[in-house]
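Thanks for sharing this one with me. Here are a few notes to read alongside the coordinates, kept short and in numbered points.

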Amino acid sequence: MTREILSLDPSGRQVRCASHLNDMPIVSLKASSFFMPSILTVLMPLKAANQLRDRIHDQLAKLSTNCVQIPVKNSGHFVWVDRPDAIIQAVKLLLEKLDD
């Protein structure tokens, strides 16, 4: 199932083609939940969506020996909307890794 999800858009297809990126720095932001629980998400399969998200993040982490995963509390899938400060932190960390 993860393979199908990764094939839905161009970036997903690109990640699927990448088997290993050696020590290329990757900073992966992991939302606390795929969707933020609300009255609108009551009927959605949040547990299954979160399990799929976990598998995708696990696969992403295996692409490089230099991957850092940052859990982002109080965020759904749209981290850049919910927690723009986490995006700034990730960019700073990535730039630091490139300087090493």
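1. A word on terms before the salt bridges: a residue is called buried under 20% relative accessible area, exposed over 50%, and partly exposed in between. Asp-54, with a relative accessible area of 26%, is therefore partly exposed. Please keep in mind throughout that this is a predicted model.

2. How many salt bridges are there? The count comes to three. In one of them, the side chains of Asp-54 and Lys-30 meet at 2.9 Å, N to O. This pair links distant parts of the chain, with Asp-54 in helix 3 (residues 46-61) and Lys-30 in strand 1 (residues 26-31), 24 residues apart. Lys-30 has a relative accessible area of 18%, so this residue counts as buried.

3. Asp-54 also has Arg-53 as a salt-bridge partner, and here the closest N and O atoms are 2.8 Å apart. Arg-53 is buried, because its relative accessible area is 11%.

4. Another salt bridge joins Asp-85 and Arg-83, with 2.8 Å between the closest N and O atoms. Both residues are partly exposed: Asp-85 has a relative accessibility of 42%, and Arg-83 one of 22%. As for shared partners, salt bridges join Lys-30, Arg-53 and Asp-54 into one network.

5. Now to the nonpolar surface. Phe-78, Trp-80, Val-81, Ile-87, Val-91, Leu-94, Leu-95 and Leu-98 make up a nonpolar patch there, and together they have about 750 Å² of accessible area. Two elements each give two or more residues to this patch, namely helix 4 (79-82) and helix 5 (84-99). Which element supplies the largest share? That is helix 5, with five residues.

6. Two members of the patch, Phe-78 and Trp-80, deserve a second look for their rings. The structure holds one aromatic pair. The ring centres of Phe-78 and Trp-80 are 5.4 Å apart and the planes stand at 90 degrees, so the pair is edge-to-face; the cut-off for that label is an angle over 60 degrees.

7. Are these two aromatic residues buried or exposed? Trp-80, which is found in helix 4, has 51% relative accessibility and so counts as exposed. Phe-78 has 42% relative accessibility, so this residue counts as partly exposed. If you are colouring the model by accessibility, note that the Trp-80 value of 51% is to be read against a cut-off of over 50% for exposed.

How values were computed: Residues are numbered from 1 along each chain as its sequence is written. This is a predicted model: local features need pLDDT of at least 70, side-chain atom pairs count only at pLDDT 80 or more; totals for chains, interfaces and linings use all residues. Side-chain values use heavy atoms; hydrogens and water are left out. Patches are made of residues with over 30% relative accessible area and no salt bridge: like charges are joined within 9 Å, nonpolar side chains (Val, Leu, Ile, Met, Phe, Trp, Tyr) within 5 Å. Accessible areas come from the Shrake-Rupley method with a 1.4 Å probe; for residues, only the protein chains shown count as cover. A salt bridge is a side-chain nitrogen of Lys or Arg within 4 Å of a carboxyl oxygen of Asp or Glu. Helices (H or I, at least four residues) and strands (E, at least two) are DSSP runs, numbered from the N terminus. Buried means under 20% relative accessible area, exposed over 50%, partly exposed in between (1.4 Å probe, protein chains only). Rings of Phe, Tyr and Trp (its six-membered ring) pair if their centres lie within 6.5 Å; planes under 30 degrees apart count as stacked, over 60 as edge-to-face and the rest as tilted.
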